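Biologist: I should like to request a close look at a single part of this structure. Please describe one helix and its surroundings along the chain, with each term explained.

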Amino acid sequence: MSVEVVTSPLLVGMRHGFLGRRGGVSTGLFAGLNVGLGSAADPESIAENRRRAAAAVAPGAALVTAYQVHSTGVVVATAAWADDARPHADALVSAQSGLVLGILTADCAPVLFADLDAGVIGAAHAGWRGALGGVTDATVTAMESIGARRDRLRAVVGPCIAQPSYEVDDGFRTRFEVADAVNERFFIGGRPGHAQFDLPAYVAHRLTDFGVGHVDALRLDTFALADRFFSFRRATLDHEPDYGRQISLIALP
C-alpha cells in the first residue's frame, strides 16, 4: 500500500501533506506508517517510515521534527538536526529551502501554515493544552519574525479527534470557559458531568481570532477512522500498551 497523503487546496504552491497510517512497514499495534520515535516500535521500522513519509511529500528534503511536550514553544529551523538532537517545542517555522517540517500527532490537531508570497512555512502540534495556551498564536508570531504577514497566512487544521469522539469532563469545559466565555460554543452536552469538545473548531477559531487570513479544517476524525489514522484515545480505551503516531509535513517548493 502506498503512503496516503491528504492535501488541502489552501496550501497549493507548497509541498505538504497530512499522512496517516497507510503505507508503512510497522506491524502489530503500530501497523502502518508509525513515525513516533517515542513509541516502543522497532527503531528500524520507524526510520524507514520517516524516510517514506518525507519522500512522499518532499523528495530530497531533510526531515526536521521536534521533541513535542504540549507546550507553546516554537523553533525557527534554519538547518536540519539529528533525530536525537530534536529541540523541545511544539511548533516549527522556516524560510529555508531543503527542509520539510514535521509534526507528529495521534488525536491532537496538526496545523500547517504558509505565506506563499514570503516563502515562510510553519507546522504546529495543537493538543487541547497547547491550543488553549496559544501555540498557534506563537507560531504565527514566529513566522512574522522571519518575514510572513498574518493576513496573508494560510493555515489548515489536519486530521484530529472530532467532537463526536471527544468526551471531556465538566472540569475540562470550565477551564476553557474561564479562559474565554465564547469557548462555550465548542462544547455540546453529553452524559451527566461530561461534554463533547470540538477541538478542530476551537483551533480554527484561535487562528481566525488572531488574524490569520485564510483558515480551513479537514474534519477527519482520527479516533473514528481506525484504518487510516493512529489514535491515542482509541488505544487507551482498547487497553493497548502503546500507540502509533502519524505525521503532517510541509516544505517550500
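Modeller: The following account turns first to a sheet and then to a helix. This is a predicted model, in which local features need pLDDT of at least 70 and side-chain atom pairs count only at pLDDT 80 or more, while totals for chains, interfaces and linings use all residues. Residues are numbered from 1 along each chain as its sequence is written, and side-chain values use heavy atoms, with hydrogens and water left out.

Helices (H or I, at least four residues) and strands (E, at least two) are DSSP runs, numbered from the N terminus. Three strands make an open, antiparallel sheet, ordered S10-S12-S11. S10 and S11 (187-189) are the edge strands; each has a single partner strand, so one side of each lacks a neighbour in the sheet. From one strand to the next, the twist averages 45° (axes are lines fitted to C-alpha atoms, and angles run from 0 to 180 degrees between N-to-C directions). Strands pair when DSSP finds at least two bridges between them; S11 and S12 (residues 194-197) have three, in the antiparallel sense. Within S12, alanine 195 is the bridge partner of glycine 189.

Helix H5 spans residues 199-209. At its start, a side-chain oxygen of aspartate 198 comes to within 3.2 Å of the backbone nitrogen of alanine 201. H5 is mostly covered, with nine of its eleven residues buried (under 20% relative accessible area, with a 1.4 Å probe and protein chains only). Among the buried residues are Tyr202, His205 and Arg206, as well as Leu199 and Leu207. After H5 comes glycine 211, with a positive phi near 95°.

Definitions and conventions. Buried < 20%, exposed > 50% of the residue type's maximum accessible area, 1.4 Å probe, protein only. Polar contact = N/O pair within 3.5 Å; in protein donor to acceptor, adjacent residues only side chain to side chain.
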